[in-house]
Amino acid sequence: MSVKITRIFDFPYYQLETYNLEKALTTKYDDRWHSISSKTYLDQANAISRGLLHLGVQQNDKIAVISTNNRTEWNVLDIGVLQLGAQNVPIYPTISKEDYEYILNHCEAKYCFVSDVEILEKLNAIKGQTRLQGIYTFDDIAGEKNWNEVIKLGEDSSNQSDLDARKAAVKPETLATLIYTSGTTGRPKGVMLSHHNLVTNVIDSEKRVPLKKGKSKALSFLPVCHVFERMILYLYQYCGVEIHFAESIEKISDNLKEVSPHVMTAVPRLYEKVYDKIYAKGEDLSGVKKFLFYWAIELGLKFEPYGANGWWYEQKLKLARKLIFSKWQAGLGGQLELMVSGSAPLQARLARVFAAAGMPIMEGYGLTETSPVVSVNCQENGGFRIGTVGRIIDNVEVKIADDGEILVKGPNIMQGYFKDDDRTNEVMTGDFFHTGDKGEIDADGFLKITGRKKEMFKTSGGKYVIPTLLENELKQSRFIEQVMVVGEGEKMPAALIQPNFEFIKDWIDRKEKKVGHSEKEIAQSEIIVKRIQKEVNKCNAKFGKWEQIKRFELTPEIWSIDGGHLTPTMKMKRDKIKALFIDLYNKIYDKVT
């Protein structure tokens, strides 16, 4: 009998029936890749379900999971929890122990599964202030309960009829997960997503990510606690794609070569880093090789989809792919056909150059509250337009409010914020969700994001400035890693800039500049300030006089999650950054402290 997919845990059953993969999920342990089949995946998930039943887990109980990296165990546990009508509550590993405590108490988590000793130590520091009845680890840690103990409990199948009844009781509208948004201000909000929210988003997005069903391989490394990657993993299961979990961001290059994936998903920052590394290798070339390398890049930066640049450009591109871009592909595993980008704006230059190289990045748009996909580019049917986030997916409706805000309606819209009707009501007008983003839809149906509603500010002269437009333009410079445009209520826009220290150190050596290599020396160097001023001037030329960056200061440290500058999804905490660098801010505006 054909599996009908109405609940999240139907995906692996559908995969087993349709594709029956030998390598459904693959993780690296002790320098060796270990795979489990579609059948083993479900056998273990059912054992987890029975084991949790033996532990007394009830319908609507919350099971938290905190994992440093993506791994097979996460996905097995996910299905095991969801089959019971309980909810999986993923928690970002990088947040503070105080936030662990807040989320665990807010959702009233009964059990928590953690990946490793580092997470366990943070959790142990606050577990006494929570209602947790038990903690289980994925790694083998001496003296700690291991998740295999739950599987062992589940080998007792005397409660299989109870499990069958629990599964049958799970309806499409049943709550599946609470995803706590990292938030740039205030406490995290628990977004309530149902099985129906995520299932419909997978099925409606599938047409936009054409995969060779039953034959493709994917590399997964975006945190699975992020709804973007989680939905993608369900999509891979639906399409019979082998999923390999990358070890870490540091080992992504090695993992790409080892796995040779056909598809991967990432945030723009990773694509920027990949491009910067490729570009840096070009700097080491000489003679004809160096000339050809830069010729190919210049060609790539002019790329337009569907042969829009004409026959002669396409002939040159064919040559560039053969001589230069083929080596890029080889460095990324040799089989990469498609990359998907979300979570933040993708620079147009990256979209152009990777598409020219034969590895197009399809940019999409969505939020946790929209499960997440609202729109996404697609190569088929003229659906790829650089500088946009694609056309709206099926069954989702978007309208632009009078003030430019993007409003979304559809089966993907969350059930609300957990235990917070007031905040839910603030973002809903009837069935429409207020995204907080501003955008426009062109004549061909492509959605373009023009800014963030709350981040737009007015200078003391009464002029409106959209900082994200300036920031996205400035971040195209290889000298700039992060930038925050400021100026609300001030006489002029300005910027706090974190230099790209890694690139600048190489630049100093190549150009034989007399500049120290420490972050503080770089930030205070007149040579570096003058060089970055050129980048700012280049950006300013594209904007009106009232919105141009008049002054900037370089920050002497790397902006990070641990440092409090960024959320776990790498978004800027604007108020926190301003507070951390208040002296530089005051210097810009000549304020006396």
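**View 1. Val114 has Thr137 in strand 6 as its bridge partner.** This is a predicted model, so local features need pLDDT of at least 70 and side-chain atom pairs count only at pLDDT 80 or more, while totals for chains, interfaces and linings use all residues. Residues are numbered from 1 along each chain as its sequence is written, and side-chain values use heavy atoms, with hydrogens and water left out. Strand 5 (residues 111–114) and strand 6 run parallel and are joined by 4 bridges. Helices (H or I, at least four residues) and strands (E, at least two) are DSSP runs, numbered from the N terminus, and two strands pair if DSSP finds at least two bridges between them. Which way do the residues of strand 6 (residues 134–137) point? Gly134 and Tyr136 go one way, Ile135 and Thr137 go the other, and all are buried. Here buried means under 20% relative accessible area, exposed means over 50%, and partly exposed is in between (1.4 Å probe, protein chains only). That fits the usual pattern: in a regular strand, side chains alternate between the two faces of the sheet.

**View 2. An open sheet of 9 strands has mixed pairing.** The strand order reads 2-1-10-9-11-12-13-14-15. Strand 2 (32–36) and strand 15 (391–392) sit at the edges with a single partner strand each, so one side of each has no neighbour in the sheet. At the strand 15 end, 2 bridges connect it to strand 14, and the two run antiparallel. Ser375 finds its bridge partner, Ile392, in strand 15. Helix 3 packs on this sheet and touches strand 1 (25–29), strand 2 and strand 10 (242–245). Contact means heavy atoms within 4.5 Å. The direction of helix 3 makes about 135 degrees with that of strand 1; axes are lines fitted to C-alpha atoms, for helices over the stretch in contact, and angles run from 0 to 180 degrees between N-to-C directions.

**View 3. Helix 8 (residues 195–205) is largely enclosed by the rest of the structure, because 9 of its 11 residues are buried.** Its buried residues are His195, Asn197, Leu198, Val199, Thr200, Asn201, Val202, Asp204 and Ser205. What covers them? Among the covering elements are helix 1 (10–18), helix 3 (72–82), helix 9 (227–238), strand 7 (175–181), strand 8 (189–194) and strand 14 (373–376).

**View 4. Helix 13 has a kink of about 50 degrees centred on Arg321.** The bend at a residue is the angle between axes fitted to the seven residues ending there and the seven starting there. How far apart are the end C-alpha atoms of helix 13 (residues 311–331)? They are 28 Å apart, which agrees with the 30 Å that its 21 residues should span at 1.5 Å a residue; the expected span of a helix is 1.5 Å times one less than its number of residues. Tyr313, Leu317, Ala320, Ile324, Phe325 and Trp328 are the buried residues of helix 13. As a rule of thumb, an α-helix has 3.6 residues a turn, so residues three or four places apart point the same way. The cover over the buried residues of helix 13 includes helix 11 (268–283), helix 12 (287–300) and helix 14 (348–356). Just past the helix, Gly333 adopts a positive phi of about 105 degrees.

**View 5. Strands 24, 25 and 26 form an open sheet in the order 24-25-26, with mixed pairing.** Strand 24 (480–486) and strand 26 (551–554) are the edge strands, each pairing on one side only. On average, neighbouring strands of this sheet are turned by 25 degrees against each other, direction ignored. Strand 25 (residues 494–499) runs parallel to strand 26, with 4 bridges joining them, and Leu496 stands opposite Glu553 in strand 26. Helix 19 (residues 526–540) lies across strand 24, strand 25 and strand 26, at about 135 degrees to strand 26.

**View 6. Cys239 and Cys378: how many disulfides are there?** A search of the whole structure finds 0 disulfides, a disulfide being a pair of cysteine sulfur atoms within 2.5 Å. For Cys239, the nearest cysteine sulfur is that of Cys378, 12 Å away. Cys239 counts as buried at 1% relative accessibility, and Cys378 is buried too, at 6% relative accessible area.

**View 7. Ser49 is found in helix 2 (residues 38–54).** Ser49 counts as buried, with 0% relative accessibility. Leaving out residues up to four places away in sequence, Ser49 touches Ile79, Gly80, Gln83, Leu84 and Leu163.
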